[in-house]
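Hello,

Here is the structure I said I would pass on. My notes on it follow below.

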Amino acid sequence: MSGGDRIQNANPQLYGRKSEREVTPEELDDDVEDKIDAREIFDLVRSINDPEHPLTLEELNVIEQSRITVDEENNHVSVEFTPTIPHCSMATLIGLSIRVKLLRALPTRFKVDVHITPGTHQSENAVNKQLADKERVAAALENQHLLEVVNQCLSTRD
């Protein structure tokens with residue numbers, strides 16, 4: 001964020017982090033089929049950085065495991081996210097970051113849907129339409145500046 005930009009939600013409410021998922025011996029065994037579940041998806045996206053704050057989407061309660069569904073049989077993952085304020089101008093960037101993280105991490109057989117939790121953003125239909133448009137997402141990622149911002153959101157904090 002550049003120095004002239006104003007933070008829209010200067011004092012967001014903070015939430016606790018869930019404990020890390022315990023990895024079972026079966027998950028480490030390459031001979032056992034390990035199905036992807038909502039917790040695994042949550043673990044992939046929980047540490048995405050908020051574009052405005054030095055906090056993760058989990059810490060801001062933008063991402064919750066209960067709002068993630070996985071249909072392994074039909075190769076479909078759906079993630080709802082909840083912006084911290086109803087007029088958040090970063091909602092599209094947050095959704096794009098979630099989508100990119102999952103597209104990079106999941107097998108290509110999965111269809112990924114990312115959308116705003118219904119009733120939580122004043123422009124949810126417009127944002128959801130942008131996030132669902134493959135061509136628009138691809139074009140956005142060709143923009144070098146936008147790609148750098150997304151990669152910052154996806155980088156781990158030191």
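**Contacts and overall layout**

Of the contacts in the chain with a separation of 6 or more, 67% are between residues 24 or more positions apart. Please keep in mind that this is a predicted model. The chain has 158 residues, and 39% of them are buried. It contains six helices and three strands, and their order along the sequence is α-α-β-β-α-β-α-α-α.

**Helices α2 and α3**

One helix pair is described here. Helix α2 covers residues 38-45 and helix α3 covers residues 91-105; the two pack at an angle of about 115°, and their axes are 10 Å apart. The crossing of α2 past α3 is right-handed. On the α2 side the contact is made by I41, L44 and V45, and on the α3 side by I98, K101, L102 and A105. By class, the residues of this contact are six nonpolar and one charged, with no polar residue. K101 of α3 is the charged one, because Lys counts as charged while Ile, Leu, Val and Ala count as nonpolar.

**The loop between α2 and β1**

Two residues of this loop are worth listing, L57 and N61.

L57 lies in the loop between α2 and β1. Is L57 buried or exposed? Its relative accessible area is 0%, so L57 is buried, the cut-off being under 20%. Apart from neighbours within four places in sequence, L57 is in contact with R46, I48, D50, V62, I63, I94 and I98. Of these partners, I98 is also one of the α3 residues that meet α2. The C-alpha atom of L57 is 9.2 Å from that of P83, a residue 26 positions away along the chain.

N61 is found in the loop between α2 and β1, where β1 is residues 68-71. Its phi is near 65°, which is a positive value in a residue other than glycine. With a relative accessible area of 23%, N61 is partly exposed.

**The loop between β1 and β2**

A second asparagine with positive phi sits in the loop between β1 and β2, the latter being residues 76-81: this is N75. The phi of N75 is about 55°, although N75 is not a glycine. N75 counts as partly exposed, at 22% relative accessibility. That value is not under 20%, so N75 does not count as buried.

**The cavity**

How many cavities of 30 Å³ or more does a search of the whole structure find? The search finds one. The space in the largest cavity is about 60 Å³. Its lining consists of D50, E52, H53, L60, T84, C88, M90 and I94. By class, that lining has four nonpolar, two polar and two charged residues. The charged pair is D50 and E52, because Asp and Glu count as charged. Two of the lining residues, D50 and I94, are also in contact with L57.

**The second largest pocket**

The volume of the second largest pocket is about 210 Å³. Its lining is made up of 13 residues, and those nearest the centre of the pocket are R99, L103, V112, A132 and K134. Which elements give two or more residues to the lining? They are α3, β3 (111-116), α4 (124-132) and α5 (134-142). The largest share comes from α5, with four residues. Divided by class, the lining has eight nonpolar and five charged residues, and no polar ones.

**Where α3 comes up**

Helix α3 appears in more than one of these notes. It packs against α2, and it gives two or more residues to the lining of the second largest pocket.

Regards

Terms used:
Residues are numbered from 1 along each chain as its sequence is written. This is a predicted model: local features need pLDDT of at least 70, side-chain atom pairs count only at pLDDT 80 or more; totals for chains, interfaces and linings use all residues. Side-chain values use heavy atoms; hydrogens and water are left out. Axes are lines fitted to C-alpha atoms, for helices over the stretch in contact, and angles run from 0 to 180 degrees between N-to-C directions. A crossing is left-handed if the near helix is turned anticlockwise from the far one by less than a right angle, and right-handed if clockwise. Contact means heavy atoms within 4.5 Å. On a 1 Å grid over the protein atoms alone, a cavity is a set of points where a 1.4 Å probe fits but cannot get out, and a pocket is an open set with protein on both sides within 12 Å along at least five of seven lines; lining residues have an atom within 4 Å of a point. Grid points are joined across faces, edges and corners, and a volume is the space filled by probe spheres set on the points. Buried means under 20% relative accessible area, exposed over 50%, partly exposed in between (1.4 Å probe, protein chains only).
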